[in-house]
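Could you walk me through this model in the viewer, one selection at a time? I would like to know what to pick next and what is there.

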Amino acid sequence: MDTPAEVPESRGAPHRPRRPRSARAHDAVLTATSALMREDGVAAVTIDRVAGRSGVSTATIYKHWPCKAAIMAEAFGRDTAEAVAFPDTGRPIDDLVTFATDLLTYYTSPDGALFGQLLAACATEPQAAPYFHEFFLTPRRAALEPYWERAAAAGLTRPGVDASTATDVLLGALTFRLMARHESLAPEEVRKLVEYALHGLLLPAAGAADTP
């Protein structure tokens, strides 16, 4: 059972920077949390179980995170960054499609499927929202930005469409399918959705121009 009595009354943004000893404890907590999520799912993770697995006291854990969903958001963000590679073929549209496809395909894997559970957990623990944004959402969106900027610089995109809008369009339909599970999430279907979304953002000849 968790021991919330040790939680500070208020919690702002994640602490930066950390001392070496603190950084080791921080990493141990994230590693333990990732393992527990994979083994038993998000709902089974508690601060006490994380403390037991990591060897870090609950008091120290609460110095870094306000609640368990905040830890899970940071841990899952780290795991996703390690699991999804950044393609760099020199063809920005191909790279954009591949990265978006690989990212959403990862969410259908046993480890990545924790995404939906994590969203639900963060919704019930509002204190986790800054952590979800900083460690999971923002890095995923930032990863797509260079691909879009390269495509725009090559004259392949519609004028006025920025990277943020493009990211919403590219990933929005896929995220909905991921959550609703009303259609196939096979890799070829995921890629098809990415390509369909993308063509609405490109100039008419862009797809042909970027084909090897």
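The stops below go from the whole chain to single helices and then to a group of aromatic rings.

**The whole chain**

Keep in mind that this is a predicted model. Colour the protein chain by secondary structure: it comes to 10 helices and 0 strands. Next, colour by accessibility; of the 212 residues of the protein chain, 43% count as buried. If you draw a contact map, look away from the diagonal: among contacts with a separation of 6 or more, 74% are between residues 24 or more positions apart.

**Residues 46-65**

Select residues 46-65, which UniProt lists as "DNA-binding region" in an unreviewed entry. This span is 75% helix and 0% strand, and its end C-alpha atoms lie 13 Å apart. Within the selection, zoom in on His-64, which is found in helix H3 (residues 58-64). Is His-64 buried or exposed? With a relative accessible area of 10%, His-64 falls under the 20% cut-off and so counts as buried. Show side chains here and you can pick out a polar contact of 3.2 Å between the side chains of His-64 and Ser-22.

**Helix H5**

Now select residues 92-106, helix H5. From its first C-alpha to its last, H5 reaches 21 Å with 15 residues, close to the 21 Å expected at 1.5 Å a residue. H5 is mostly covered, with 11 of its 15 residues buried. Among them are Pro-92, Asp-95, Phe-99, Thr-101 and Tyr-106. To see what the buried residues of H5 pack against, add helix H4 (68-83), H7, H8 and H9 to the view.

**Helix H9**

Move on to helix H9 (residues 187-199), where 13 residues reach 18 Å from the first C-alpha to the last, close to the 18 Å expected at 1.5 Å a residue. Which residues of H9 are buried? Highlight Val-190, Leu-193, Val-194, Ala-197 and Leu-198. Look down the axis: these residues cover an arc of only 130°, so they sit on the same side of H9. The face turned away from that buried side carries Glu-188 and Tyr-196, both exposed. For the neighbours of the buried residues of H9, show helix H5 (92-106), helix H7 (129-153) and helix H8 (163-180).

**The aromatic rings**

For the last stop, show the aromatic side chains. The whole structure holds 11 aromatic pairs. Start with Tyr-106 and Tyr-107, a tilted pair at 6.2 Å centre to centre with 50° between the planes. Tyr-106 counts as buried at 13% relative accessibility, and Tyr-107 is buried too, with a relative accessible area of 5%.

From Tyr-107, step across to Phe-136: the ring centres are 6.2 Å apart and the planes stand at 40°, so this pair is tilted. Which parts of the chain does the pair link? Tyr-107 is in the loop between H5 and helix H6 (114-124), while Phe-136 is in helix H7, 29 residues apart. Phe-136 is buried, as is Tyr-107.

To finish, select Phe-76, Tyr-106, Tyr-107, Phe-115, Phe-132 and Phe-136 together; these residues form one aromatic cluster. With this group on screen, you can return to H5 through Tyr-106, one of the buried residues of that helix.

Definitions and conventions: Residues are numbered from 1 along each chain as its sequence is written. This is a predicted model: local features need pLDDT of at least 70, side-chain atom pairs count only at pLDDT 80 or more; totals for chains, interfaces and linings use all residues. Side-chain values use heavy atoms; hydrogens and water are left out. UniProt positions are given in the numbering used here, feature names are shortened, and annotations may be inferred rather than shown by experiment. Helices (H or I, at least four residues) and strands (E, at least two) are DSSP runs, numbered from the N terminus. Buried means under 20% relative accessible area, exposed over 50%, partly exposed in between (1.4 Å probe, protein chains only). A polar contact is a pair of N or O atoms within 3.5 Å; within protein, one must be able to donate a hydrogen and the other to accept it, and residues adjacent in sequence count only if both atoms are side-chain atoms. The expected span of a helix is 1.5 Å times one less than its number of residues. The arc is that of the directions from the helix axis to the C-beta atoms. Contact means heavy atoms within 4.5 Å. Rings of Phe, Tyr and Trp (its six-membered ring) pair if their centres lie within 6.5 Å; planes under 30 degrees apart count as stacked, over 60 as edge-to-face and the rest as tilted.
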